[in-house]
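User: I'd like to learn how to read the salt bridges and helix packing in a model like this one. Can you walk me through it?

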Amino acid sequence: MISPSHPAPRQGFETTSHAITWTLGLLAAHPAAQDALAAELAAAGLAPSEGRGVPREFEWGDLGRLPRLAAVVKESMRLLAPVGGAGVGGVVRGLARDHL
């Protein structure tokens, strides 16, 4: 029997929206990183730029050509994982014995 306060049943709730919100918040707090990401997206045609007003549609193949985007998402997940109780990379780590 699981008590109603157990976190497991809630761990899938709105994780994507939380991840996007935190990532955008981190970008807003770091304008240089935001500008670098915007430049990468514009160079790939995925953001408005001079001479190109309307960006093209995103394609799955674009993921491998956007290293800055991948780095921003990974760093956001590292700093502010959307799943409570998870450590770096979503892995919960524990000690087999007390080392103090």
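Analyst: Sure. Let's start with one pair: the side chains of R56 and D62 meet in a salt bridge, with 2.7 Å from N to O. Keep in mind that this is a predicted model.

User: What's the general idea behind such a pair?

Analyst: Side chains of opposite charge can pair when their charged atoms come close. Here the structure holds three salt bridges. Besides R56 with D62, R65 forms a salt bridge with D62, and their closest N and O atoms are 2.8 Å apart. Then there is R78 with E75, again a side-chain pair, at 2.7 Å from N to O.

User: Is D62 buried or exposed?

Analyst: D62 is buried, because its relative accessible area is 2% and the cut-off for buried is under 20%. Its partners read otherwise: R56 is partly exposed at 36%, and R65 is exposed at 53%.

User: Where does D62 lie, and what is D62 in contact with, leaving aside neighbours within four places in sequence?

Analyst: D62 lies in the loop between α2, residues 31–43, and α3. With those neighbours left aside, D62 is in contact with L46, R56 and E57. The R56 pairing turns up in another guise too, as a polar contact between the two side chains at 2.7 Å.

User: And how should I read the R78 and E75 pair? Which helix holds them?

Analyst: Look at the spacing. Both R78 and E75 lie in helix α3, residues 67–79, and they sit three residues apart, about one turn of the helix. R78 counts as partly exposed at 43% relative accessibility, and E75 is partly exposed as well, with 34%.

User: Which residues are joined into one network?

Analyst: Salt bridges that share partners join R56, D62 and R65 into one network. D62 is the shared partner, as it pairs with R56 and with R65.

User: Let's move to the fold. How many helices and strands are there?

Analyst: The chain has three helices and zero strands, and from the N terminus on its elements run α-α-α. Of its 100 residues, 14% count as buried. For contacts between residues at least 6 apart in sequence, 46% join residues at least 24 apart.

User: How do I describe the way two helices pack?

Analyst: Two packed helices are described by the angle between their axes and the distance between the axes. Take helix α1, residues 15–29, and α2: they pack at about 110°, with their axes 5 Å apart. That angle makes α1 and α2 roughly perpendicular to each other, because 65 to 115 degrees is the range for that label.

User: Which residues make the contact between α1 and α2?

Analyst: On the α1 side they are L27, A28 and A29, while α2 brings P31, A33, Q34 and L37. By residue type, the contact of α1 with α2 divides into six nonpolar, one polar and no charged.

User: What are the angle and distance for α1 and α3?

Analyst: Their axes come within 10 Å and cross at roughly 105°. So α1 and α3 are roughly perpendicular to each other, too. A19, W22, T23, L26 and L27 of α1 meet V72, S76, M77 and L79 of α3. That contact of α1 with α3 divides into seven nonpolar, two polar and no charged residues.

User: What about the segments outside the helices? Where does L80 lie, and what does L80 touch beyond four places in sequence?

Analyst: L80 lies in the segment after α3 and is partly exposed, at 26% relative accessibility. Not counting residues up to four places away in sequence, L80 touches W22 and L26. L80 and L26 are 54 residues apart along the chain, yet 9.6 Å separates their C-alpha atoms.

User: And at the other end, how far apart in space are E14 and P82?

Analyst: Their C-alpha atoms are 8.5 Å apart, with their positions 68 residues apart in sequence. E14 lies in the segment before α1 and counts as partly exposed, at 43% relative accessibility.

Methods. Residues numbered from 1 in each chain as written. Predicted model: local features only at pLDDT ≥ 70, side-chain atom pairs only at ≥ 80, totals over all residues. Heavy atoms only, no water. Salt bridge = Lys/Arg side-chain N within 4 Å of Asp/Glu carboxyl O. Buried < 20%, exposed > 50% of the residue type's maximum accessible area, 1.4 Å probe, protein only. Helix = DSSP H or I, 4+ residues; strand = E, 2+ residues; numbered from the N terminus. Polar contact = N/O pair within 3.5 Å; in protein donor to acceptor, adjacent residues only side chain to side chain. Contact = heavy atoms within 4.5 Å. Axes fitted to C-alpha atoms, helices over the stretch in contact; angles between N-to-C directions. Parallel < 35°, antiparallel > 145°, perpendicular 65-115°, else oblique. Nonpolar A, V, L, I, M, F, W, Y, C, P; charged D, E, K, R; others polar.
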